Amino acid sequence: MTELTLAQLAEWLGGELTGDGACIARGVGPIEDAREDEVTFLANSRYERFAATTGAAAIIVGADYDGAGRNVIRCADPYHAFRQTMVRFYGFRQAEFEGAGRCDEGIGHVEVPGHRQPDTGRTARPDDGER
């Protein structure tokens, strides 16, 4: 399990910590119900009301944030900083692609009705049998 002090996390993120740098964080959680060893973030003013009451070890916020929070890490881009924090604690996971097809499976060209084809000069039509 990854364990970081808030001072280490703030330095790694390139952020500015206000609060207890020795506080330990072991994961992330939503601002409404984060635990005392989790980091959360605030980037939408709709959730500011939770900043004073969150149980989180720290709140990652924008650089201009001047609201509540016992431990606050100010970052230029709180969304990116929180994403990086999640990757730091849990690793990067690549989701499997489960779409209709991939270009390397031979599906690489789609004709859009009414769209002028630049290489032929013709306009694709829904009833056009040529592919």
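These are my notebook entries on a predicted model.

**Overall layout**

I began with the secondary structure. The protein has two helices and seven strands. I read the order from the N terminus as β-α-β-β-β-β-β-β-α. Next I looked up burial. Of the 131 residues in the protein, 33% are buried. I then took the contacts between residues at least 6 apart in sequence. Of these, 32% join residues at least 24 apart.

**Strand pairing**

I went through the pairings one strand at a time, starting from β4. Strand β4 covers residues 27–28, and strand β5 covers residues 38–41. The two run parallel and are joined by two bridges. I looked for the residue opposite Val28 and found Val39 in β5.

I followed Val39 onward. Its bridge partner in β6 is Ala58. So much for single residues; I turned to the strands themselves. Strand β6 spans residues 58–62 and pairs with β5 in the parallel sense, over three bridges.

From β6 I moved to β7. Four bridges join these two strands, and they run parallel. Here Ile59 stands opposite Val72 in β7.

Which way does β2 run against β7? I found the pair to be antiparallel, with three bridges between them. Strand β2 is residues 16–18. Its Leu17 has Ile73 as bridge partner in β7.

I stayed with β7, residues 72–75, to check its side chains. Val72 and Arg74 point one way. Ile73 and Cys75 point the other way. All four names are on the buried list, the arginine included.

**Helix α1**

Which residues of α1 are buried? The helix covers residues 6–13, and I noted Leu6, Leu9, Ala10 and Leu13 as buried. Seen down the helix axis, these buried residues fall within an arc of 95 degrees, so they line one face of α1. I also checked what comes after the helix. Gly14 follows α1, and its phi is positive, near 75 degrees.

**Aromatic rings**

I searched the whole structure for aromatic pairs and got four. One of them is Phe89 with Tyr90. Their ring centres are 6.4 Å apart, and the planes make an angle of 55 degrees, which I logged as tilted. I compared the burial of the two partners. Phe89 has 8% relative accessibility and counts as buried. Tyr90 is partly exposed, at a relative accessible area of 40%.

Which residues form a cluster through ring pairs? I wrote down Phe41, Tyr79 and Phe82. Phe41 lies within the residue range of β5, 38–41.

I also looked for a charge over a ring. The charged end of Arg88 sits over the ring of Trp12, at 4.8 Å from the ring centre. Trp12 falls within the range of α1, residues 6–13.

**Cysteines**

How many disulfides are there? The count comes to zero. The cut-off I used was cysteine sulfur atoms within 2.5 Å. I noted the burial of two cysteines anyway. Cys23 has 14% relative accessibility, so it counts as buried, the limit being under 20%. Cys75 is at 4% and is buried as well. I had already met Cys75 in β7, where it points the way Ile73 does.

Note on methods: Residues are numbered from 1 along each chain as its sequence is written. This is a predicted model: local features need pLDDT of at least 70, side-chain atom pairs count only at pLDDT 80 or more; totals for chains, interfaces and linings use all residues. Side-chain values use heavy atoms; hydrogens and water are left out. Two strands pair if DSSP finds at least two bridges between them. Buried means under 20% relative accessible area, exposed over 50%, partly exposed in between (1.4 Å probe, protein chains only). The arc is that of the directions from the helix axis to the C-beta atoms. Rings of Phe, Tyr and Trp (its six-membered ring) pair if their centres lie within 6.5 Å; planes under 30 degrees apart count as stacked, over 60 as edge-to-face and the rest as tilted. A charge sits over a ring if NZ of Lys or CZ of Arg is within 6 Å of the ring centre and within 35 degrees of the ring normal. Contact means heavy atoms within 4.5 Å.
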